[in-house]
Amino acid sequence: MVEGRPPGGLTSAEAIERLRVDGANTLPRPRRRSSTRRFLDELTHFFAIMLWIAAVLAVLAGMPQLGIAVVAVILLNAVFSFIQESRADRAAERLVSLLPTLVTVVRDGRQEQVDATEIVVGDRVILRAGDRVPADGIVRSAATLRMDTSMLTGESRPVAVGTGDAVFAGTFAVLGEADIDVDATGSRTRLAEIARLTTASPKPRTPLALELRRVVRLIAAIALGVGAAFFAVTVALGGEISEGLMFAIGVTVALVPEALLPTVTLTLAWGAEQMSRRQVLVRDLEAVETLGSTTVICTDKTGTLTRNQMTVVRAWTPSARVESAVPGYVPNSPLDVTPESERAAVMDLAADAVRCSDGYVACLDGVWRPRGDPMEAAIDVFARRLGVGTDDLRRTDRDEARFPFDPERRRMSVVVDGTVLVKGAPDAVLPLCADPDHAADAAASMAASGLRVIAVAARQLAPGPLPGSADEAEAGLTLVGLLGLEDPPRTDVREALEACRTAGISVIMVTGDHPATAAAIATEVGLRAPDDPVLVGADLPVEDRALGTLIDHTGTVIARVSPEDKLRIARSLRQRGHVVAMTGDGVNDVPALHEANIGIAMGESGTDVAREAADLVLLDDHFASIVGGVEMGRATYVNIRRFLTYHLTDNVAELTPFLIWGLSGGSIPLALGVLQIIALDIGTDTLSAVALGAEPPARHLLQEPPVSGRLLNRTVLRRAFGILGPTEAVLAMGAFLAVLAIGGWSSGGSAPTAATLSAASGAAFITIVLAQTANAFACRSSTRPPWALGWLTNRLLTPAAAVELAFSVILLFVPVFATALGQSPPTAVGWVIALAAMPVLLGVDAADKGLRRAGIARRARQR
């Protein structure tokens, strides 16, 4: 308890009664769906229902093996999605860990420890350095109390707290001690308000999820439509209704993209693995693509754009000026100051500042880390670099008197060996010094540069009694000097911000720091231009539309923001059509991380709660890592388009035999059966599709605006349905009809023999396989042929194609498989056409790309 304070507090009986009335001091736990319900949801969404129907229809059509395969796909997707969702939306639960377990209180006139859940309104809590606050309260008395409130406010520096000030649950004391009267517990605390903000609205759907839903529904509609059409054709040609139904079911099941979601999932997993190599940990797979679609990044300042290492960068004395070019905690890097007279003056300044400080740096596991106030740790580093022995200077046993920092006086002082040493804000110290004018100009210059300025002064006491008060001790001072401190920017931030501008991404700074400090850092790193606005959270418009209009400008700086402000910033930008990425490290950031399209937490400096709420975690806290993640995200979106082109090309070739059979009234035999199509889709296409999903990023991805628009855009549709698909279809049908013709079949004549039809079907099958092998390489780019890219630059594609070719040969030559699929090895003419399919398709693809490049060049010249 702070010396001189009466015990106060409640009686045990009062505490028990208030606990009965108000309830335990615990945060409300969010209502969560049960594990069973969440797993069932994964089995009953639209795509899963479509696959369930396909599986049932396959069994009814006499193809139980196909039904089992489809059910396996459903279950694998459900299990994977369930595991991913199990980690989501736990942020509110993790808030509970921010409350201490045991708390020292005053009850019945004496100190005792109680469980934090038993704290009630009216309790007197004893808070010491290192303690976490268990509930909201008011400071009754304090001694040198400094609180770390960064988790709630975003303020990067410890805040001085005095009598009458409020403290909040979850924050903790960095320095000093205090008595606190509790005025809110449990669900009525500020921490609980943030928990409610986190769960107030659902996480927005990702652009990829919306596009996949659209693609799946479109393909489902096409599959059902084609199935119904073939049922009608079968009946119209005189077939039995049951026969037509079975045929329609087979066609519909064949056109359902069973491998689409597994391929997307594996592509996202590959992107996540690549991001981890760039220090970006992916917690939600869909976030891989979302980051690539980002149009606005709302970034914090401390630790992301800066090093989160306070550093003395300027020192001023009446006789010396020093600037330090080495940022961060590097006490072993000597600071060269010449001439010797200036060095002596600066060493005196550093030594006196250390005597007034409690914070310092310590080497742990080979890394220098701050202990106590980061500003005082920076002063310790500065003194060590000058060769000042700081360990002895910090000894408090030599203090003859000590007057702690007071938020009203904005300074503190100690008396050591008959000398008064004072440290504080320049406007609180300079008026106590003789002739402060030059120092005032120097302090103003430092502040204008965004530095935090500390003034140090001293006076020698005359022999006699020690000063009885701070005012008595701090009179008649002589200025020793000024220290200018900053949290230095990261070296790679300017380049990363320039990359964002080139890539068409707006960057907005959203911070809890002072507007002048935020603006200075934003300007220094190149985020903000001179005319870009600097806003304060308290002045933001109340209406979301007006807020979005005001801040939708790259280079905007928004300071002193609250958790509610950050949430509204994310929401207002999303309402303007932006894909918003929001960074954060504290509890105050959790609602905004949840509201943004993609939440990005800090790995080194972030809280567990922020990391739980985020979609991505920056393992190194570097803003530049976000840019690397954007590149991978864009590559993932483009890669999904690549394997969609690949899949749809195959579907055109697979559907064409049915179309020709129907248009010919059944006079031309069916080139492919349903099981052959399933074998093509799942057995011989999946590996190449996954390999296309792992295509390395193109160099131009960060030189253009964010990849956007439909997955099935004009280029995908034109190449799949207008160029590559028809080419494959012509080749497959050509091989089929050629083998039939050599075997003696002609349209309008007798039906082909079973052996001839089997060989012809085998020719169509292997032609599609070989054409798809070439197509996999063709789909690596929509503008460049594969030889221009290098045949081996995608390390997964060549092995994937080799495995698929080997598998197709097994299906063609091993009798048990060939018979089940209704095919056999083709004749010589069939092999000639099948082998010609690869160069023919690559030639058609190269011609198309050449024409497209010429058109792009022509339009560029016209502009």
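The accessible surface of the protein adds up to about 35,000 Å², and carbon and sulfur atoms account for 59% of that. The model is a predicted one. Its 863 residues include 54% that count as buried, and the C-alpha atoms fill a box of roughly 130 × 70 × 50 Å along the principal axes. In terms of secondary structure, there are 32 helices and 24 strands. Among contacts between residues at least 6 apart in sequence, 73% join residues at least 24 apart.

Now for the sheets. Eight strands make up an open sheet with mixed pairing, in the order β8-β24-β23-β22-β9-β19-β21-β20. The edges belong to β8 (280-282) and β20 (534-536); each has a single partner strand, so one side of each goes without a neighbour in the sheet. On average, and with direction ignored, neighbouring strands here are turned by 20 degrees against each other. Within the sheet, β9 (residues 296-299) and β22 (residues 580-584) run parallel and are joined by three bridges, with Val296 partnered by Val580 of β22. Helix α21 (residues 563-575) lies across β9, β19 (506-510), β21 (557-559) and β22, and runs at about 165 degrees to β22.

Helix α21 also turns up in two salt bridges. One is between Asp544 and Arg571, at 2.8 Å from N to O. Asp544 sits in helix α20 (residues 544-551) and Arg571 in α21, so this pair ties together parts that are 27 residues apart in sequence. Asp544 counts as buried at 15% relative accessibility, while Arg571, with a relative accessible area of 25%, is partly exposed. The other joins Asp589 to Lys566, with the closest N and O atoms 2.6 Å apart. Here the link runs from the loop between β22 and α22 (590-595), home of Asp589, to Lys566 in α21, 23 residues apart. Asp589 is buried, at 2% relative accessibility, and Lys566 is likewise buried at 2%.

Salt bridges number 26 over the whole structure. Another of them pairs Arg107 with Asp123, the closest N and O atoms being 2.6 Å apart. Arg107 belongs to strand β1 (residues 102-107) and Asp123 to the loop between β2 (110-115) and β3 (124-128), so parts 16 residues apart in sequence are tied together. Both residues of this pair are buried. Elsewhere, Arg718, Arg719, Asp845, Asp848 and Lys849 are linked in a salt-bridge network.

Strand β16 (residues 419-424) is a good example of an enclosed strand: six of its six residues are buried, so the rest of the structure largely encloses it. Cover comes on both faces, with Thr419, Leu421 and Lys423 buried on one side and Val420, Val422 and Gly424 buried on the other. β16 pairs with β15 (residues 411-416) in the antiparallel sense over six bridges, one partnership being that of Met412 with Lys423. The two strands form a hairpin with two residues between them, and Asp417 in the turn has a positive phi of about 50 degrees. β16 also pairs with β17 (residues 452-460), again antiparallel and over six bridges; Thr419 has Gln460 as its bridge partner there.

At the surface, Trp787, Trp791 and Leu792 make a nonpolar patch of about 370 Å². Leu792 falls in the loop between α29 (786-789) and α30 (797-813). With 63% relative accessibility, Leu792 counts as exposed, because the cut-off for exposed is over 50%.

Methods:
Residues are numbered from 1 along each chain as its sequence is written. This is a predicted model: local features need pLDDT of at least 70, side-chain atom pairs count only at pLDDT 80 or more; totals for chains, interfaces and linings use all residues. Side-chain values use heavy atoms; hydrogens and water are left out. Patches are made of residues with over 30% relative accessible area and no salt bridge: like charges are joined within 9 Å, nonpolar side chains (Val, Leu, Ile, Met, Phe, Trp, Tyr) within 5 Å. Accessible areas come from the Shrake-Rupley method with a 1.4 Å probe; for residues, only the protein chains shown count as cover. A salt bridge is a side-chain nitrogen of Lys or Arg within 4 Å of a carboxyl oxygen of Asp or Glu. Helices (H or I, at least four residues) and strands (E, at least two) are DSSP runs, numbered from the N terminus. Buried means under 20% relative accessible area, exposed over 50%, partly exposed in between (1.4 Å probe, protein chains only). Two strands pair if DSSP finds at least two bridges between them. Axes are lines fitted to C-alpha atoms, for helices over the stretch in contact, and angles run from 0 to 180 degrees between N-to-C directions. Contact means heavy atoms within 4.5 Å.
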